[in-house]
Every structure is written in C-alpha cells, then in structure tokens.
Amino acid sequence: MDYRIDGRRALVMGASRGLGRAIAEALLAEGVKTAICARDTDRLQKTAKEIGALPFPCDLSQPGAGARLVQEVTARLGGLDILLVNTGGPAPASFETIDEAQWRAGFESLWLSAVSPIRAALPGMRAQKWGRILVVTSVAAREPLPNLMISNALRAGLHGLINALSREIGADGITVNALMPGYTLTERLKEAGFKAEEVAKTVPLGRIGKPEEFAALACFLASEPAGYVTGQAIACDGGLLRSI
Ligand SMILES: NC(=O)c1ccc[n+]([C@@H]2O[C@H](COP(=O)([O-])OP(=O)(O)OC[C@H]3O[C@@H](n4cnc5c(N)ncnc54)[C@H](OP(=O)(O)O)[C@@H]3O)[C@@H](O)[C@H]2O)c1
C-alpha cells in the first residue's frame, strides 16, 4: 500500500529508544521528515544519527515543554503534519503507596504531556486542513494491569479526551487516535521487571510483540489512506485484551 506521506513532517516524542524509535524509523522509511525528542541528550543524538532523524532534547514532564517543543519543531520543519505523543511509563505502584505529589507528577507526565503539544499543534494543522495525531497509551487504559495504578487510572481518561477531541477537529481533516501497546519487547519492559517468557504465556499469540509491529500500526494511522479512522483506541497486543 502506498501511504502517501512522503515529504510530510512529523514529531515523534520519546523516541530515543523503544516504541517511539521504532515509529520514527517507520515514518522515515516512508519519506517523512521526522524530529524526535527525549531527555538523555547523548542517547538522543546517537539515535538521531543512526536513523536519520532531527534530535530535539526535551523533558516532557516539565510544564509547557511539549508546547515549546512543537513550536521549535514546526519552525525547523516548516510545518507539522504528524504528531506522535509518547513518553516513558510511570513506575509500578499500588494505590496506597502513591502520595499526592506522585499523582501530580504522574498527571504532568502522562496527561499534560499529551495535552500541551496537541494544543500547540492544532492551529497549524487546522490551517492546512490535514493532520494526524497519535497518542501512545497502554492496554492498561482498557483493562487495568496489576500494580500499575497511575497508568491504569490516568490513561483511561486520555481515551475520553481523544474521542471527544476527534469531534472538534474532524471537519478540518485532522484525525486523532490512541494506540495501545500490549507487552512489547523494549528496554522499559525489561526495566519494569517483566519476564518475557512468563508474560508471553498470558498472550493468545504466545509471544511478546516486536516494536516494529507496533510501529507498523502507527505508520498506517499516520497515513493518507487512514483518513477515515478517528477517535479510536486501537490495540497491538497479540490478543491480550478480552473486552469486546
Ligand atoms: N513496552 C511495552 O510493553 C509497553 C506496554 C504498554 C504501554 N507501554 C507504554 O508505551 C510508552 C513507551 O514505552 P517504551 O517501552 O517504548 O518505553 P522506553 O523503552 O522506556 O522508551 C521511552 C522513551 O521515551 C523517552 N522519555 C521518557 N520520559 C520522557 C520525558 N519525560 N520527556 C521526553 N522523553 C521521555 C525515553 O528517553 P529518555 O529517558 O532519555 O527521556 C525513551 O526514548 C510508555 O508510556 C509505556 O508505559 C509500553
């Protein structure tokens, strides 16, 4: 299939490794001019060089950082067509171990880090009557996972935002969707203490997902032919979710 996004301009957040990196690589392979961001400048520069992206160091958990990043990238690329919202996940925790400061930090990192760049990207997308907004959430947003309380609680709300927003921006040719990764083999999965062989047994397809499989879904949703898909939360999870 011809995705017809050659020459489009993208910002992929949280993309020095893992799912974000895989998505940036997939977009670059389609001829999309792609900017990436992350906090660790050395790793960001290394990744950018390896894959041919433009690096923008940024900590998305800081107030207003996502909006400033969108403005910088838009100025550098001469516009922005595709915005991929993604950050690292929160630390595992159960309800009674999370204090108010941690809830506020989680809200800043998982919620406002999505709202701030989307608000900044919309005026340009509206003016050009074309845009693709994708937000990486988690299967935890639909079916809570054990000991991931902040992710379970906050990401479900993002799905409400995405569906409601799709109604406000659809007339300008802008789509917005959530992508829900299931267990996918990235550094985070290992760092969060998941054991691949054990987790794989819980997945109907019997294995952990590959970042490039998740990236293929993101790339399609960013494409021209995906223009009639909006307001959805779509999983790439090997069949893990049971809800219909
Ligand atoms: N992998 C899975 O199985 C899985 C499953 C469900 C949901 N998810 C969710 O999907 C998202 C991506 O997961 P992943 O596995 O690709 O994670 P990852 O391997 O930890 O990669 C996260 C990327 O985001 C960057 N990042 C983290 N915090 C940031 C911040 N505050 N500002 C800017 N960049 C930031 C990281 O670089 P720096 O650290 O240098 O900033 C890195 O490039 C996470 O939210 C995760 O919870 C993943």
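The following paragraphs describe the surroundings of the ligand and the packing of one helix in this structure. This is a predicted model, in which local features need pLDDT of at least 70 and side-chain atom pairs count only at pLDDT 80 or more, whereas totals for chains, interfaces and linings use all residues. Residues are numbered from 1 along each chain as its sequence is written, and side-chain values use heavy atoms, with hydrogens and water left out.

The ligand is a suitable starting point. There are 30 residues around the ligand, and S16, R39, T87, R155 and T186 come nearest; a residue counts as near if one of its heavy atoms lies within 4 Å. By class, this shell has nine nonpolar, 13 polar and eight charged residues. Here Ala, Val, Leu, Ile, Met, Phe, Trp, Tyr, Cys and Pro count as nonpolar, Asp, Glu, Lys and Arg as charged, and the others, Gly among them, as polar.

Several polar contacts (pairs of N or O atoms within 3.5 Å) reach the ligand. An N or O atom in the side chain of T186 is 2.5 Å from an oxygen atom of the ligand. For R188, a polar side-chain atom lies 3.1 Å from a ligand oxygen atom. A polar backbone atom of L60 is 2.8 Å from a nitrogen atom of the ligand. The protein covers 93% of the 880 Å² of accessible area that the ligand has on its own, as calculated by the Shrake-Rupley method with a 1.4 Å probe.

Helices also contribute to the shell; a helix is a DSSP run (H or I) of at least four residues, numbered from the N terminus. Both α1 (18-29) and α6 (187-191) supply at least two residues each, and the largest share, three residues, comes from α6.

Helix α1 also packs against α2 (residues 41-51), at an angle of about 30° and with the axes 11 Å apart. These two helices are therefore roughly parallel, a term for angles under 35 degrees. Axes are lines fitted to C-alpha atoms over the stretch in contact, and angles run from 0 to 180 degrees between N-to-C directions.

Notes: Polar contact = N/O pair within 3.5 Å; in protein donor to acceptor, adjacent residues only side chain to side chain. Parallel < 35°, antiparallel > 145°, perpendicular 65-115°, else oblique.
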